[in-house]
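This briefing goes through a single protein chain, from one hairpin to the fold as a whole. Please keep the sequence and the structure in view while reading.

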Amino acid sequence: MKDTGELKITTPSDREIAMTRTFDAPRRLVYDAWTKPELLKRWLGVRGGWSMAVCEVDLKVGGRYRYVWRGPTGKEMGIGGVFREVVPGERLVATEKFDDAWYEGDAVDTTVFVEEGGRTTVTTTVLYSSKEARDGVLQSPMESGVAESYDVLDEVLVSLRAA
Amino acid sequence: MYATRRLDATFAALADPTRRAILARLASGEASVTALAEPFEMSQPAISKHLKVLEAAGLISSGRDAQRRPRKLEARPLAEANEWLERYREYWEESFQRLDALLEELKTADRKRKRSKRKGARR
């Protein structure tokens, strides 16, 4: 059985990035926390003085969602999209676009909830419109070389502090 | 989420294991191209190509010594990249930790509801 808590980030194909995390709760509750605005507002991106100023979810095929976070200095960051598939408790497919997108086209998120022994593993796969779009994001921290990048950064930073 | 071009270049440069090894080596002090090529089974031109990528990303610079042109690590882009990485991971890890706590709360509420339902059924 997988342990809970560990966040895994992989690249299943050259247009995708996948993120997996296991939670110690049945699927029904995890799905609720993922889809109900009053619950989403309590965890998604809420940290360091940021809160969700807007959280709207019209959970049906063709329905829209929109999230806007507001930071301690009043700065806002928004994201939104349209649901393409809604299988309650099991699977969500939705488009995603940041207001300030740094990549071309809409990305498509597929989130799958799998329960085993009372624990739920959630895998979110983001499919970008092109390899170039994904690579733009990949050159961000989400790539497979992340761990090594961390290692070299750690090493480098330690030696710099020592210098 | 605010990836700048400079960060893109930094992360692209870090995506290669040889380049990461070169950076790790330079972290302990400047070195010539010959010295940098030594640990790798690679020709000097191949190493030079990697060095060019690192230089374009601003991660290393060439020293003044015209003959040796020792390469040296530039700390700033790495520090910026590190900060960005930390923020990104923290974003998800903190979100998920909050979700863990929320789920505990939902489970407790769920158990209570079930208990009172059973009680209700017995009545």
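**Strand pairing in chain A**

A:Gly74 has a positive phi near 95° and belongs to the hairpin of E4(A) and E5(A), where 5 residues lie between the strands. The model is predicted. The points below cover this hairpin, the one formed by E3(A) and E4(A), and then the chain overall.

Hairpin of E4(A) and E5(A)

- Strand E5 of chain A covers residues 76–87, and E4(A) pairs with this strand in the antiparallel sense over 7 bridges.
- Opposite A:Arg64, in E5(A), stands A:Val82.

Hairpin of E3(A) and E4(A)

- Strand E3 of chain A spans residues 51–57 and strand E4 of chain A spans residues 64–70; the pairing of these two strands is antiparallel, with 6 bridges.
- A:Val57 has A:Tyr65 of E4(A) as its bridge partner.
- There are 6 residues between the strands of this hairpin, and A:Gly62 takes a positive phi near 90° there.
- E4(A) thus pairs in the antiparallel sense with E3(A) and also with E5(A).

Chain A overall

- Chain A contains 4 helices and 8 strands.
- Read from the N terminus, the order of elements in chain A is β-β-α-α-β-β-β-β-β-β-α-α.
- Chain A has 163 residues, of which 23% count as buried.
- Taking the contacts in chain A between residues at least 6 apart in sequence, 39% are between residues at least 24 apart.

Terms used. Residues numbered from 1 in each chain as written. Chains lettered and ligands numbered in written order. Predicted model: local features only at pLDDT ≥ 70, side-chain atom pairs only at ≥ 80, totals over all residues. Buried ≥ 20, exposed ≤ 12 C-beta atoms within 10 Å, placed from the backbone. Contact = placed C-beta atoms within 7 Å. Pairing = 2+ DSSP bridges.
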